[in-house]
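Trainee: I should be grateful for a close look at a single part of this model, namely the place where the two chains meet. Please also relate that part to its surroundings.

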Protein chains: 2
Amino acid sequence: MPDRETALETHLDRTRDARYESYFAFLRIPSISALPEHAADCRRTASWLADALTSIGIEHAEVSETGGHPVVYADWLHAPEAPTVLVYGHYDVQPVDPLDLWTSPPFDPVIDGDRLLARGAADDKGQIHAHLMAAQAILETRGRFPVNLKFLFEGEEESGSVNLTRWLEANKDRLAADVVVVSDTGFFEGNRPAITTGLRGLMYAQIDVTGHDVDLHSGGFGGTVENPANALAQIIAALKGPDGRIRIPGFYDDVVPLSKNDRAEFASLPFDEGAFLDHLGLPSLVGEVGYTTLERRGGRPSLDVNGIWSGFTGAGAKTIIPAHAHAKISCRLVAAQEPHRIFEQLNGYVDEIAPPGVRTTVTFLGGGQPSLTSRELPATRAAARAIEATFGVAPVYMRDGGSIPVTASFASVLGLPVVLLGFVQPDCNAHAPNEWIDLHNYETGIRTFARMWDELADVRT
Amino acid sequence: MPDRETALETHLDRTRDARYESYFAFLRIPSISALPEHAADCRRTASWLADALTSIGIEHAEVSETGGHPVVYADWLHAPEAPTVLVYGHYDVQPVDPLDLWTSPPFDPVIDGDRLLARGAADDKGQIHAHLMAAQAILETRGRFPVNLKFLFEGEEESGSVNLTRWLEANKDRLAADVVVVSDTGFFEGNRPAITTGLRGLMYAQIDVTGHDVDLHSGGFGGTVENPANALAQIIAALKGPDGRIRIPGFYDDVVPLSKNDRAEFASLPFDEGAFLDHLGLPSLVGEVGYTTLERRGGRPSLDVNGIWSGFTGAGAKTIIPAHAHAKISCRLVAAQEPHRIFEQLNGYVDEIAPPGVRTTVTFLGGGQPSLTSRELPATRAAARAIEATFGVAPVYMRDGGSIPVTASFASVLGLPVVLLGFVQPDCNAHAPNEWIDLHNYETGIRTFARMWDELADVRT
């Protein structure tokens, strides 16, 4: 083992208790970006991060306003001959409901064997924290980085990064770099080390159906008026066909079809469909006909109801025709679908299919572009070497079904190539109760990030 | 005016303040039968009623156990030559949510002009209270009733009268009578005095769709698994066709078709469809093709979602595939549909149409038989005379869309004819926020009930 690696290991061994104390403190702040009542917590998390960056020797740490939850920026720019890397992560987390399904409070981290359980443990505070720890270890053991580093940590990723693109545009100059490393992805099924080369985009909307201004007695009015909840169900049912295809006219117009080569790459992944299904405990997998499960997840768009509510939801029976009904609906998009265009198509289609007798509106709640990168990118190859050197196995390449809206913005606003370098296990319950991180991944991830800067030092991206 | 009417008016004039004090006290007890946390309130209401009956001179008042909320029974049996009348009403009320739409607290009655506003003011405490006040006025002014009276006040009508049929069977002997007067109905549109000759039945069920045991990330899983909320929407959408007909196989098998005469009766009612629609503020009326609005309400079955819930329903966006989705669904039934048979048909149909990839169950939550009575029944003719004598206009005859499950039980268990004699205005917001009663209807209703006993005294039903 080279000296610098031995020094790194010694440092990480020695600082283990402090590392977990810091990680826990970071996780304890409930930075739920979607809920207005947690705005102050998001701001507190940003301050915590700026202080943490400064304390490990990163300079110019700043909590910068975006119009929403702030971003945190900091840099270290003392390697004039070396490339400059912009590191991205997000400090905000998903809401925690249903709270009663958590085995421990979501913002009170606990370690259970190899797992650390908390909201944000994986998505994405764990990966930000690994960056902090890698940076601290390098500066403490070597006094300098082999590359220039700019850190950008966002607070609105879980609510659509609604203000970030504007902030990127306003801060183009200080974000100048050679490559972006986005650390908000994970490994393949079975915790197999992987590099993500594709992300889906997102279009998030709400459908509201209104009838009479108060609930009606279902006896006195049943059969004479449209029921907003029945009407909403009709609308939702018409969004997809029995073949799993989305029926919104024009929806597939901009989809880049999967090439023979794309499909071969999906097919080559070590995917155990039986294990995937067993883990989920479902009767069967379901989706667009003509595509494999991995293709449907990474290479094809999807449409899901994220929430629906109307009328009486208590115990027992209440015989009403609800005054109104609501659904949150989102689509995952693939290249080259555009979220606003998809929203307009949805809006037009709902208008066309909405049953008479009620009033229907569709509201855009957010979106993000899909992105696709090449595995031949020099920085991606550097990431592959860093993963192999630390996790002991070459990564597979995969397209992920999730969305990191800012990824496309880094390309379009800053003109930068993006490498997706993350290490959480795919069954981490991101966005669900009992989110967890595998501590082996977290610990090794710290070494991967440290190694990445060495691998990038000589790369001309 | 005959002496006995003058005496009645004098008494009612003199006791006006006490009458409203008593009415308000009755309304203040939140006897919501559907919510377990109000079980003690239901029991308290029953005791209040038993005390009230006793205090006005009705005998043998008893709060009698049913296994659920108790019934109240009392009688006055000192007219050996005259018929015996069983009077039915219910002291339980509907839930009050959404509470924020009430202009004043639902259990804090207020008088606003000609209206008294409170949960239960109309449905059905107001009509029970009018019976109490009519009985008190007769006993105070004449010392005796012209008929024998048995009062039966139920506490579970708004939750399907689940225990009452069994209680009727166990108490057949003491319920022996010549006719039942059910006071839980109202007038026709425009507050036109009316007698209800038909009631629809009810079948109430819950559909539960379950997927993975916790919410899934809609990026990591969207397009690969069935979404329980989408699946539920599909199921609901398949329950009715675009022609407004219910698609459950066999659903219409037992429906007695409307005869030419039935349709002529519906057509003869003074119904202003434009005013009905204007009052509702909807774009249009909607329902089964081939039938008029009144036919669809009173003479044809219907199906409505009463409530639906799944996933994320907070502000903003949460990108999940919900773990489960639920809907409360009910059907209004017409003769000779049978609730349990309809439930079995629904259950079988949902089983058939449920999408693969999720698990679906359907649970029966309650039901009641439809009922139809003839306007030529001697007791119905007596009721018509009582209405005309007090409201000053002959009633129209109508079939109501609502359900009073016990009506069919009185016929099937006790073998008794039933007269539906009630007087609340049709736009009283029963089952909705801001329930109200027209105080002219309440006051005149007291006179109607008093007159009814005189009209029935000589009738051989």
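Mentor: The account below begins with the contact between the chains and then turns to sheets, a strand and two single residues. Please keep in mind that this is a predicted model.

We start with the extent of the contact. On one side stand 85 residues of chain A, and they are in contact with 85 residues of chain B. Several elements of chain A give two or more residues to this side, among them helix 6 (218-221), helix 7, helix 10 (293-298), strand 11 (302-311) and strand 13 (324-333). Strand 11 of chain A gives the most, with 9 residues. By class, the side of chain A that touches chain B holds 35 nonpolar, 36 polar and 14 charged residues.

Strand 11 deserves a further word. Strands of a sheet pair through backbone hydrogen bonds, in either the parallel or the antiparallel sense. Here the pairing crosses from chain to chain: strand 11 of chain A is joined by 5 bridges to strand 11 (residues 302-311) of chain B, and the two run antiparallel. Within this pairing, A:Trp309 stands opposite B:Trp309.

Helices also meet across the contact. Two packed helices are described by the angle between their axes and the distance between the axes. The axes of helix 7 (residues 228-237) of chain A and helix 7 (residues 228-237) of chain B come within 8 Å and cross at roughly 115 degrees. Angles of 65 to 115 degrees count as roughly perpendicular, and helix 7 of chain A and helix 7 of chain B are therefore described as roughly perpendicular to each other. The crossing of helix 7 of chain A with helix 7 of chain B is left-handed. Chain A contributes A:Asn230, A:Ala233, A:Gln234, A:Ile236 and A:Ala237 to this contact, while chain B contributes B:Asn230, B:Ala233, B:Gln234, B:Ile236 and B:Ala237. Sorted by class, the residues of this helix contact are 6 nonpolar, 4 polar and no charged.

We now turn to a sheet within chain A. This open sheet of 3 strands has the order 4-5-18, with antiparallel pairing. Its edge strands are strand 4 (110-112) and strand 18 (436-438) of chain A, each of which pairs on one side only. On average, neighbouring strands of this sheet are turned by 25 degrees against each other, direction ignored. Strand 4 of chain A pairs with strand 5 (residues 115-117) of chain A over 3 bridges, in the antiparallel sense. In that pairing, A:Val110 has A:Leu117 of strand 5 as its bridge partner. Helix 14 (residues 439-457) of chain A lies across strand 5 and strand 18 of chain A, and runs at about 60 degrees to strand 18.

In chain B there is likewise an open sheet of 3 strands with the order 4-5-18 and antiparallel pairing. Strand 5 (residues 115-117) of chain B is joined to strand 18 of chain B by 3 bridges, and these strands run antiparallel. The bridge partner of B:Leu116 in strand 18 of chain B is B:Ile437. Helix 14 (residues 439-457) of chain B packs on this sheet, where it touches strand 5 and strand 18 of chain B.

Another strand of chain B shows what burial looks like. A residue counts as buried if 20 or more other C-beta atoms lie within 10 Å of its own. In strand 6 (residues 148-154) of chain B, 7 of the 7 residues are buried, so this strand is largely enclosed by the rest of the structure. Both of its faces are covered: B:Asn148, B:Lys150, B:Leu152 and B:Glu154 are buried on one side, and B:Leu149, B:Phe151 and B:Phe153 on the other. Strand 2 (residues 71-76) of chain B is joined to strand 6 of chain B by 5 bridges and runs antiparallel to it, with B:Phe153 as the bridge partner of B:Val72. Strand 3 (residues 84-90) of chain B pairs with strand 6 of chain B in the parallel sense over 7 bridges, and there B:Phe151 is the bridge partner of B:Val87.

Two single residues complete the account. A:Leu99 is placed in the loop between strand 3 (84-90) and strand 4 of chain A. With 10 other C-beta atoms within 10 Å, A:Leu99 is exposed. B:Arg166 belongs to helix 5 (residues 164-170) of chain B, and with 14 other C-beta atoms within 10 Å B:Arg166 is partly exposed.

Key: Residues numbered from 1 in each chain as written. Chains lettered and ligands numbered in written order. Predicted model: local features only at pLDDT ≥ 70, side-chain atom pairs only at ≥ 80, totals over all residues. Axes fitted to C-alpha atoms, helices over the stretch in contact; angles between N-to-C directions. Helix = DSSP H or I, 4+ residues; strand = E, 2+ residues; numbered from the N terminus. Parallel < 35°, antiparallel > 145°, perpendicular 65-115°, else oblique. Left-handed = near helix turned anticlockwise from the far one by under 90°. Contact = placed C-beta atoms within 7 Å. Nonpolar A, V, L, I, M, F, W, Y, C, P; charged D, E, K, R; others polar. Pairing = 2+ DSSP bridges. Buried ≥ 20, exposed ≤ 12 C-beta atoms within 10 Å, placed from the backbone.
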